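Walk through this structure from its ligand shell outward to its domains, its core and a few unusual backbone spots. Keep the model open alongside the text.

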Amino acid sequence: MGKDINEKPFDDGTKLKLEIFQTCFKEWFPVLVHNHETREIFIADLLAGSGTDPDGLPGSPLLIIEEICRQKERCCKQLVTYNKIVNVYLNEIDEQKTKQLRHNVQQHLVSCKDKCGYTNCPIHVHYRSKDVDKIMRNNRFRNYMSDSHRAKFIILDQYGFKHVDEEVFKSLISYPKTDFIFFIASSFVRRFAKSEVVKKYFHSHKINFDEKRPKECHRIIVDYYKTLIPSDKDYFIHGFTIKKESNYWGLVFGTSHMYGMEKFLNTCWNIDKDSGESNCNINDDFPEDSLLRWNIESNKINQIKEDIEKGILNREIKNSVEGLSLTLHLGGLPRFFQETVKKLSEEGKIQIDPPSAKLSKGKVHRMEKYSIIVK
Ligand SMILES: C[S@@+](CC[C@H](N)C(=O)[O-])C[C@H]1O[C@@H](n2cnc3c(N)ncnc32)[C@H](O)[C@@H]1O
């Protein structure tokens with residue numbers, strides 16, 4: 001935990017984490033640029049590091065800047081025409097690293113601006129060297145985050161587990177138009193669950209780790225965070241477990257929007273075709289010494305489809321919107337829902353209304369609204 005991530009070449013686990021940050025941001029950014037209600041886009045990497053590893057591989061802050069520059073053809077015209085701005089806020093407590101970060105980012109921005117026809121660049125980058133805990137508990141930050149005309153994307157790439165406790169998590173889910181992703185060293189929480197240091201940040205008596213299945217520890221932590229969501233709030237959380245040697249780390253993504261969750265799940269299922277949630281065969285879809293699968297469809301897909309089927313036949317799911325919402329909460333892709341509806345319909349167990357509604361397009365914004373009638 002004490003090592004400096006920017007001093008050694010990024011390992012495979014870190015590269016995977018960065019790939020997920022990048023893809024997630026890449027999907028998120030243009031949607032918000034083209035959203036008519038958004039006047040400002042705020043992107044905060046609150047534990048930013050210096051920007052690269054010793055080989056020059058970009059870390060999260062540079063990936064954000066690179067992605068914005070890469071999308072400028074699509075996005076800057078829109079931003080300038082509609083007078084929108086993008087504020088990128090990069091915070092790193094170590095002043096030397098902040099200096100290095102500023103240097104690294106400026107190099108990218110200079111070459112981006114050189115190739116650009118706009119004199120009034122809509123991208124503003126701000127650098128800070130503050131303690132992230134103080135930032136997140138500061139009233140000015142809280143007020144800023146509470147403005148619903150501002151779309152916000154927060155990255156918290158911590159070393160351990162201390163920066164996202166109950167208070168911080170509850171504020172993150174309370175801010176309007178805010179999506180977030182954070183990293184957590186789940187193996188440490190599991191290993192030291194009974195220690196005072198973990199108990200200070202987590203109600204660890206509410207977290208039941210299965211000693212025989214360490215690979216599930218991140219999933220269990222994600223479930224713990226889900227319990228912190230007020231029961232009257234519809235909020236989507238999904239986690240991704242990253243195995244590094246014998247330890248399990250992970251990402252937690254949160255959004256209040258189905259569309260946001262669909263995009264994140266697409267990223268995860270593109271990486272892990274079996275469960276959309278790990279790089280470590282988390283649901284035992286194949287024996288550890290072989291790549292041959294036990295089942296044609298993975299355990300997770302079977303489980304999600306079973307849960308959807310149950311929900312429909314119990315009449316808890318009465319239409320496509322409710323079905324889609326359940327599917328995303330279960331960590332599944334929209335097509336899992338459509339395939340289940342199709343199957344039940346072919347088996348004569350349900351009827352959809354209107355009968356002409358198409359079941360083929362498994363995408364949130366293209367899905368037709370229809371009712372489901374159990375026969
Ligand atoms: C895991 S690294 C971030 C790596 C970065 N995301 C990347 O991809 O290169 C975490 C960073 O947080 C910084 N940090 C540690 N404690 C902090 C605090 N309390 N407030 C702000 N930054 C902190 C560390 O110096 C370190 O550079």
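**From ligand shell to backbone**

The shell around the ligand is mixed: seven of its residues are nonpolar, five polar and six charged. The model is predicted. Altogether, 18 residues surround the ligand. Leu47, Gly49, Gly59, Ile93 and Asp157 come nearest to the ligand.

Now step back to the whole chain. It splits into domain 1, residues 5–271, and domain 2, residues 299–374. Their centres, taken over C-alpha atoms, are 31 Å apart. The two domains do meet: eight residues of domain 1 are in contact with nine residues of domain 2. On the domain 1 side, strand 6 (236–244) and helix 11 (258–271) each supply at least two of the touching residues. Which element gives the most to that side? Helix 11 does, with six residues. By class, this side of domain 1 has six nonpolar residues, one polar and one charged.

Helix 11 deserves a closer look. It has 14 residues. From its first C-alpha to its last it reaches 20 Å, close to the 20 Å expected at 1.5 Å a residue. Is helix 11 largely enclosed or largely open? Of its 14 residues, 10 are buried, so the rest of the structure largely encloses the helix. The buried set runs from Met258 through Gly260, Met261, Glu262, Lys263, Phe264, Leu265, Thr267 and Cys268 to Trp269. Charged Glu262 and Lys263 are thus listed among the buried residues. What covers them all? The cover over the buried residues of helix 11 includes helix 1, strand 5 (178–184), strand 6 and strand 7 (247–255). Helix 13 (320–329) and helix 14 (334–346) are also part of that cover.

Next, the interior. In soluble globular proteins, nonpolar side chains tend to be buried together. Here the largest nonpolar core has 84 residues. Val88 and Ile184 have the most contacts inside it. Helix 1 (residues 12–33) provides the largest share of this core, eight residues. The core also draws on both domains, taking at least three residues from each of domain 1 and domain 2. Look at Val88 in particular. Leaving aside residues up to four places away in sequence, Val88 touches Ile43, Ile64, Ile65, Ile123, His124, Val125 and His126.

Finish with the backbone. Most residues other than glycine have a negative phi, and most peptide bonds are trans. Three places depart from that pattern in this model. Lys177 has a phi near 45°, a positive value in a residue other than glycine. It is found in the loop between helix 7 (166–174) and strand 5. Is Lys177 buried or exposed? Lys177 is buried, because 23 other C-beta atoms lie within 10 Å, and the cut-off for burial is 20 or more.

Asp284 also has a positive phi, near 55°. Its loop runs between helix 11 and helix 12 (299–313). Asp284 is partly exposed, because it has 13 other C-beta atoms within 10 Å. Being exposed would take 12 or fewer.

The remaining spot is a peptide bond. Asp353 and Pro354 are joined in cis, with omega about 5°. Pro354 sits in the loop between strand 8 (350–353) and strand 9 (371–374).

Methods. Residues numbered from 1 in each chain as written. Predicted model: local features only at pLDDT ≥ 70, side-chain atom pairs only at ≥ 80, totals over all residues. Near = placed C-beta within 6 Å. Domains from an automatic or database assignment. Contact = placed C-beta atoms within 7 Å. Helix = DSSP H or I, 4+ residues; strand = E, 2+ residues; numbered from the N terminus. Core = buried A, V, L, I, M, F, W, Y, C linked by C-beta atoms within 7 Å. Expected span 1.5 Å × (residues − 1).
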